[in-house]
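Q: Please take a close look at one part of this structure and walk me slowly through its surroundings. I am new to it, so please explain each term when it comes up.

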Amino acid sequence: MSNASDGPQRHIIDIYVGRRLKSLRRQSGISQKELASRLGITFQQIQKYEKGLNRLPASRMLAICMSLKITPNDLFRDLLTNEYPPKNSAAYTDQEMELIDTIRQLDPNLKKQVSQIVGTLAGH
């Protein structure tokens, strides 16, 4: 994760929840600035939550969920399985997480086509 010179150590769950927050916020079409305004905080604070730099307090999490019309379960989606800590969840880049979230929203037939295209591009 981080070393002592990077400041406080980030926890894998905070990083995961932050990435889920970012993904769900984007899916809702809401900017960091707009969400921050709704909550009465700065957009920099939203950035810190999304990067897992600051832990998301329960009261703020509930306010965010209400604002985005999501549930706390949406933020913890893959963590609610029996797999803890989640394998490789911190290993994905933001771009990879966005791609995964986008693919999950596709119709099953489109998922298959996307898989074939990506496989071809990757040389598989």
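A: Lys69 is exposed, since its relative accessible area is 77%; on this scale, over 50% is exposed, under 20% is buried and anything in between is partly exposed, computed with a 1.4 Å probe on protein chains only. The model is predicted, so local features need a pLDDT of at least 70 and side-chain atom pairs count only at pLDDT 80 or more, while totals for chains, interfaces and linings use all residues. Residues are numbered from 1 along each chain as its sequence is written, and side-chain values use heavy atoms, with hydrogens and water left out.

Lys69 sits in the loop between H4 and helix H5 (72-75), where helices are DSSP runs of H or I with at least four residues, strands are runs of E with at least two, and both are numbered from the N terminus. Although 44 residues separate Lys69 from Arg25 along the chain, their C-alpha atoms are 9.9 Å apart.

Arg25 belongs to helix H1 and, at 5% relative accessibility, is classed as buried, whereas Lys69 is exposed. Once neighbours within four places in sequence are set aside, Arg25 is in contact with Ile30, Ser31, Gln32, Leu35, Ile46, Glu50 and Leu68, contact meaning that heavy atoms lie within 4.5 Å. Two of these partners, Leu35 and Leu68, reappear where H2 meets H4.

That meeting place is made by helix H2 (residues 32-39) and helix H4 (residues 58-68), which pack at an angle of about 115 degrees with their axes 10 Å apart; the axes are lines fitted to C-alpha atoms over the stretch in contact, and the angles run from 0 to 180 degrees between N-to-C directions. The crossing of H2 and H4 is right-handed, a term used when the near helix is turned clockwise from the far one by less than a right angle, left-handed being the anticlockwise case. On the H2 side stand Leu35, Arg38 and Leu39, and they meet Arg60, Ala63, Ile64, Ser67 and Leu68 of H4. By class, the residues of this contact are five nonpolar, one polar and two charged, where Ala, Val, Leu, Ile, Met, Phe, Trp, Tyr, Cys and Pro count as nonpolar, Asp, Glu, Lys and Arg as charged, and the others, Gly among them, as polar.

Within this contact, Arg38 in helix H2 is partly exposed, because its relative accessibility is 44%. Leaving out neighbours within four places in sequence, Arg38 is in contact with Ile30 and Ser67, and Ile30 is also among the partners of Arg25. Arg38 and Ala63 lie 25 residues apart in sequence, with a C-alpha to C-alpha distance of 9.0 Å.

The H4 side also leads to another helix, through Arg60. Gln45, found in helix H3 (residues 43-50), is buried at a relative accessible area of 18%. With neighbours within four places in sequence set aside, Gln45 is in contact with Asn54 and Arg60, and Arg60 is one of the H4 residues that meet H2.

As a setting for all this, the protein chain holds seven helices and zero strands, so that, by the rule for helices and strands, reading along the sequence gives the pattern α-α-α-α-α-α-α. Of its 124 residues, 32% are buried. Among the contacts with a separation of 6 or more, 59% join residues that are 24 or more positions apart.
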